[in-house]
Amino acid sequence: MLSRSSFTSLVVGVFAVYVAHTCWVMYGIVYTRPCPAAAGGGGGAGCVWPYLARRPKLQLSVYTTTRSNIGAESNIDLVLNVEDFDIESKFERTVNVSVPKKTRNNGTLYAYIFLHHAGILPWRDGKQVHIVSPLTTYMVPKPEEINLLTGESTTQQIEAEKQTNALDEPVSHWRSRLTLNVMVEDFVFDGSSLPADVHRYMKMVQLGKTVHYLPILFIDQLSNRVKDLMVINRSTTELPLTVSYDKISLGKLRFWIHMQDAVYSLQQFGFSEKDADEVKGIFVDTNLYFLALTFFVAAFHLLFDFLAFKNDISFWKKKRSMIGMSTKAVLWRCFSTVVIFLFLLDEQTSLLVLIPAGIGAVIELWKVKKALKMTIKWQGLRPKIQAFNTFIDDIFAFIITMPTSHRLACFRDDVVFLVYLYQRWLYPVDKSRVNEYGESYEEKPKKKAHRE
């Protein structure tokens with residue numbers, strides 16, 4: 001059976017391998033090997049060339065319809081038309097979109113985004129590219145906060161309770177933002193090893209003896225945040241839609257595709273819209289460098305949480321008495337930990353914060369059960385891992401969305417740790433003090449005479 005030290009080393013080793021593997025995977029996502037035949041000139045056999053290198057005149061058109069697929073221009077509405085579309089120029093425009101009756105009755109409205117040659121209708125252009133995105137989603141609306149100290153009448157409070165109960169069912173919400181990207185790099189792909197993530201967004205045409213890929217149009221779904229959603233009422237006839245565009249590099253495009261797939265997988269595993277939105281905020285609200293820091297902070301946070309839990313359990317399992325330790329302190333810590341967990345649960349905090357808090361509450365309950373049966377001699381501030389975890393928590397508190405009160409509580413451990421350091425400085429170890437064996441730190445061990 002593995003000892004505690006070897007088990008800890010095994011966990012740290014697995015963690016190091018995981019971080020190294022993740023860095024290698026991220027490098028493989030960001031870096032794409034170009035077609036080797038393209039550098040030699042000529043036709044570049046086996047290469048897939050960018051159609052944008054021909055600098056065609058393009059036009060961007062955005063249509064809305066209640067159907068998930070269209071074959072002609074019937075039953076569709078043009079909401080935005082950008083002539084002489086410049087793929088290098090960033091823009092943001094807000095338009096009003098007519099909401100059909102079917103959509104007002106909890107139906108779905110789709111946006112069709114076409115990138116086609118200027119002056120030609122999209123369905124008549126053989127080299128057009130398009131992408132579809134729903135402008136509506138279903139979600140349980142957040143009830144409005146009611147101030148019970150404003151002196152509302154009983155009738156008003158009853159109506160507010162009825163309204164809250166009616167909001168327990170998911171209703172149709174409007175996505176007020178639509179973020180578009182076009183990959184602008186004149187990158188030449190190797191036809192024999194096309195990246196699978198980008199390949200599904202590519203449309204290729206044969207032009208003479210060479211194969212070209214049409215402009216890669218992409219919708220940034222990570223920018224669809226819960227805070228931008230609007231409840232669609234039956235009386236709503238028009239709603240605002242902000243269409244924003246920005247160019248994107250190949251490396252960031254591939255990274256963004258993988259992140260969107262990861263968020264989609266979380267939702268398939270049962271993550272709510274709010275939990276998925278917390279993860280989206282990590283990617284959207286920060287730049288790529290801070291995002292890399294976020295990954296390492298989150299990874300180390302989970303590692304130190306695991307090691308701290310492990311050390312805490314090991315410490316309590318091997319003790320048989322409560323000498324020098326207060327049972328009331330254990331009970332109070334258990335009570336406060338459970339209250340914090342219930343508060344985070346009621347606030348619907350991100351699972352990245354809620355799960356460790358729940359594990360900590362279970363451990364505290366187990367410690368209370370054990371403390372009521374035996375007595376333990378307290379051995380001081382034991383797990384040094386918690387000292388590192390304190391500073392990791394500080395960074396984590398500013399990255400993950402959580403209640404402000406819990407965010408401030410993260411600095412409580414910093415105060416305790418600073419007091420501990422002050423006590424170590426105020427009461428240093430007396431190295432001249434002789435222990436029970438008659439030895440001290442200052443005494444150098446006498447070397448035994450060597451027998452010849």
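Which residue stands opposite Thr94 in S15? The partner is Thr242, and the legends below return to this residue more than once. Please keep in mind throughout that this is a predicted model.

**Figure 1. The whole chain sets the scene for the close-ups.** The chain has 452 residues, and 40% of them count as buried. Its secondary structure comes to twelve helices and 15 strands. Among contacts with a separation of 6 or more, 79% join residues that are 24 or more positions apart. The accessible surface of the chain is about 27,800 Å², with 58% of this belonging to carbon and sulfur atoms.

**Figure 2. Strand S15 pairs with S4 and with S9.** Strand S4 covers residues 91–98 and strand S15 covers residues 238–248. These two run antiparallel and are joined by eight bridges. Here you can find Thr94 facing Thr242 of S15. S9 and S15, on the other hand, run parallel, with seven bridges between them. In that pairing, look for Leu178 opposite Val243 in S15. If you follow the side chains along a strand, a general rule is handy: in a regular strand they alternate between the two faces of the sheet.

**Figure 3. Leu178 sits in the largest nonpolar core.** This core has 36 residues, and Phe85, Ile113 and Leu178 are those with the most contacts inside it. Apart from this core lies another, of 25 residues, which includes Ile29, Met183, Phe218 and Trp256. Back at Leu178, let us look beyond residues up to four places away in sequence: Leu178 touches Val62, Ala111, Ile113, Ser133, Ile219, Leu241, Thr242, Val243 and Ser244. As a general background, nonpolar side chains tend to be buried together in soluble globular proteins.

**Figure 4. Ser176 occupies the loop between S8 and S9.** Strand S8 spans 171–175 and strand S9 spans 177–183, with Ser176 in the loop between them. Is Ser176 buried or exposed? Its relative accessibility is 13%, so Ser176 counts as buried. A polar atom of the Ser176 side chain lies 2.6 Å from the backbone oxygen of Asp228. Leaving aside neighbours within four places in sequence, Ser176 is in contact with Asp228, Met230, Pro240, Leu241 and Thr242. Thr242 is a familiar name by now, as the residue opposite Thr94.

**Figure 5. One disulfide joins Cys35 and Cys47.** The count for this model comes to one disulfide. The sulfur atoms of Cys35 and Cys47 are 1.9 Å apart. What parts of the chain does this pair tie together? Cys35 lies in the loop between helix H1 (4–30) and S1, while Cys47 lies in strand S1, so the disulfide links parts that are twelve residues apart in sequence. The torsion about the S-S bond is about -70°, so this disulfide is left-handed. Cys35 is buried, with a relative accessible area of 6%, and Cys47 is buried too, at 5% relative accessibility. Two further cysteines may catch your eye: Cys334 is buried, at 7% relative accessibility, whereas Cys23 is partly exposed, at 36%.

**Figure 6. Strand S1 belongs to an open sheet of four strands.** The strand order is S10-S1-S12-S11, and the pairing is mixed. Which strands stand at the edges? They are S10 (189–190) and S11 (204–207); each has a single partner strand, so one side of each is left without a neighbour in the sheet. S1, made up of residues 47–50, pairs with S10 in the antiparallel sense over two bridges. Within this pairing, Val48 stands opposite Phe189 in S10. Cys47, half of the disulfide in the previous view, is also in strand S1.

**Figure 7. Asp84 and Asn106 have positive phi values.** Most residues other than glycine have a negative phi, so a positive value deserves a second look. Asp84, which is not a glycine, has a positive phi of about 50°. Asp84 lies in strand S3, residues 77–85, and with 62% relative accessibility this residue counts as exposed. Asn106 also has a positive phi, near 65°. Where is Asn106 found? It is in the loop between helix H2 (101–104) and strand S5 (110–117). With a relative accessible area of 37%, Asn106 is partly exposed.

Methods: Residues are numbered from 1 along each chain as its sequence is written. This is a predicted model: local features need pLDDT of at least 70, side-chain atom pairs count only at pLDDT 80 or more; totals for chains, interfaces and linings use all residues. Side-chain values use heavy atoms; hydrogens and water are left out. Two strands pair if DSSP finds at least two bridges between them. Buried means under 20% relative accessible area, exposed over 50%, partly exposed in between (1.4 Å probe, protein chains only). A polar contact is a pair of N or O atoms within 3.5 Å; within protein, one must be able to donate a hydrogen and the other to accept it, and residues adjacent in sequence count only if both atoms are side-chain atoms. Contact means heavy atoms within 4.5 Å. A nonpolar core is a set of buried Ala, Val, Leu, Ile, Met, Phe, Trp, Tyr and Cys residues joined through side-chain atoms within 4.5 Å. A disulfide is a pair of cysteine sulfur atoms within 2.5 Å. Accessible areas come from the Shrake-Rupley method with a 1.4 Å probe; for residues, only the protein chains shown count as cover.
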